[in-house]
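The report below treats two topics in turn, the relation between the protein copies and the surroundings of a DNA strand.

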Protein chains: 2
Amino acid sequence: MVSINDIAKEAGVAKSTVSRYLNNGSVSLKTKAKIDEIVKKRGYKPNTFARSLKAQKTNMIGVIIPRLNSPSTNEVLSGIDAKAHELGYQLIITNANQDEKREIEDIYALAKQKVDGIIFLAKSITAEHREAIKNIELPCLVLGQYSKDIPSIVHDDHGAGRKIAKHALTLRHKYFLYFTVSSEDKAVGQDRYNGFIEEIDKEEGTRVRSVETSFIMQEAYQTAINELKNLKATFIVGATDTIALAVMKAASELGLSVPEDISMAGHGGYDLLSFVTPALTSIKYPYYAIGEMAVDTLENMILKKEVAQYQVVPNELVVRETTQNI
Amino acid sequence: MVSINDIAKEAGVAKSTVSRYLNNGSVSLKTKAKIDEIVKKRGYKPNTFARSLKAQKTNMIGVIIPRLNSPSTNEVLSGIDAKAHELGYQLIITNANQDEKREIEDIYALAKQKVDGIIFLAKSITAEHREAIKNIELPCLVLGQYSKDIPSIVHDDHGAGRKIAKHALTLRHKYFLYFTVSSEDKAVGQDRYNGFIEEIDKEEGTRVRSVETSFIMQEAYQTAINELKNLKATFIVGATDTIALAVMKAASELGLSVPEDISMAGHGGYDLLSFVTPALTSIKYPYYAIGEMAVDTLENMILKKEVAQYQVVPNELVVRETTQNI
DNA sequence: AGCTATATTGGAACCGGTTCTATTTCAGTG
DNA sequence: CACTGAAATAGAACCGGTTCCAATATAGCT
């Protein structure tokens, strides 16, 4: 690999001159031309490591995600990627595989890589997370979950739950079945559900049965098969779109038709699911936009500007084909 | 940030001793204990950059992907991630956003980052790609597409096409409609289609109409709406599962039922789509496994071992609910 | 031409590690 | 107790850049 020394030698100048040529450019036209030529001829690329060593800045952002094969994560990543590219950051994406131990490991690993900052998509923030983040002394932003002490950007999950509830009440439904996930996941497991309940409870004569299931579709499907066997509800909510899809599959196999027999709604708003039949009524979360916001906010943290401790982004209800009047 | 010098000074030894302590460990028990203590107390972590600078090795693998929001890409990434983690590599994932210029940029960017090797998921390999890869002089592996000169791992797309054809012929279908994608994408646009045709042509009295559409579901849906209006075929194939899904949506809106009026098949085998109703008959590609293979192969390239120029991985037909006898 | 202000340049130090060589320490041996 | 060989350690050089400072070249002005 050709180094700055080779270039300097061949051009007959000091390496500091070449360095200046590469950066601020206070170099005479003549030398510039000469170096230009040699750099091109030899295909010289500065070594990022040597650079980072001195600069104490790598222009890299670390992203920790819980899993790779989730539509929402991928939308967020797309947004992060687009904005990072725009601002000149490289991304190091690590997949913690839903394992808290790996999340902690990854925080330290990214710190060793000397990333300029970390975006952390977590399902929950524990004391250990908080400690690791404190230890590494690096700008760190949490996405999707609220966390005290650490700046975070979250969806309005509570409001989303309320929107679905209001929609269902407008359609005059009274009996509800709600497939939720572990309350460990505060945003998806608690906030969405609480928002829903809060609104439903305002109406008299309503009843909600809730069942905990999993993000894994096969498991959600099994739960649904059991639940739907003697069903009282006329309106079913899934904590995510994929759960709702699994429930719809179960319903179809048990001979229940959507939306004639039961209405269904989910959370997510993935494009893919607008193509299933019937198309799912759902909350559309601005995943891509939240990814972009995250990078913007993180950059401000890196530049030591003031940032909001807590940003909430709104979402919207998209009524499609799975909900109807009772 | 505490450095090796701080540790050395505090322990009253030379920094070379601390370095030895960190690596091969030829250090007396007494000094070891002393350094141990100080390292722990100060929370010292060696600087990866300084290390890489000397070592000329970063333990990082660069991955270039065409887009983040594709189910197959994400499965592949999961496999890559798992194996990379196992072998002690960090991943730098860059999203080229289906833009050839960005792919080339990313190749050079990753080289500058001094990754140890690159895994490249491309839709097609042009001369420019080949040149960039040659220039950077780094181990580089192409996934999903064949490329001369560069080691590659590909799916048996041709065989997949044949499997669907055989299945369709067994069900006694004669008239086919095939939604393909641009032939620029050799694996998806050409091989799958050619394999299909090859097998269909062996049967007399068959006819295939093929239409080019896009990976974008909305566009595939539009194409399908136009095509299905006066449909002769009884069996429709999508070059990907998502295309097939878009076609099914169009069919449903035009009052055609699957599989009673038409049979449908796709390529992909995504879990998600086994939950739509009716569940799609499809070729299941071992995306996760191919990701793992890629890392294994790349590591061998990094270690300068001999690797196969060209590996083909088999796939299987999963018959579900969208295909039936005519 | 002579002087000053400014632009350009070279040299050295530095970032935080690793590694080579030379030196010191120390235990074991006759 | 002197001698030998091995183990432990210190010191210096190096990886490939950036940056500071001093030295030199150039331009502009009287």
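A turn of 180° with a shift of 0.2 Å along the axis lays chain B on chain A with an RMSD of 0.3 Å, the superposition being by least squares on the C-alpha atoms of residues with pLDDT of at least 70 in both copies. The two copies are thus related as by a two-fold rotation axis. Among the residues of chain B, I92(B) comes closest to this axis, its C-alpha lying at 2.2 Å. The same surface serves both copies, since 100% of the contact residues of chain B recur in chain A, where contact means heavy atoms within 4.5 Å.

This is a predicted model, in which local features need pLDDT of at least 70 and side-chain atom pairs count only at pLDDT 80 or more, while totals for chains, interfaces and linings use all residues. Residues are numbered from 1 along each chain as its sequence is written, chains are lettered from A and ligands numbered from 1 in the order in which they are written, and side-chain values use heavy atoms, with hydrogens and water left out.

DNA strand D is surrounded by 27 residues, the closest being I4(A), K15(A), S19(A), T17(B) and T31(B); a residue is near the strand if one of its heavy atoms lies within 4 Å of it. By class, this surface has nine nonpolar, 12 polar and six charged residues, with Gly counted among the polar ones. Its largest share, four residues, comes from α4(A).

The polar contacts listed here are pairs of N or O atoms within 3.5 Å.

| Side chain | Atom of DNA strand D | Distance |
|---|---|---|
| S19(A) | phosphate oxygen | 2.6 Å |
| T31(B) | phosphate oxygen | 2.6 Å |
| S16(B) | base oxygen | 3.2 Å |

Methods: Polar contact = N/O pair within 3.5 Å; in protein donor to acceptor, adjacent residues only side chain to side chain. Helix = DSSP H or I, 4+ residues; strand = E, 2+ residues; numbered from the N terminus.
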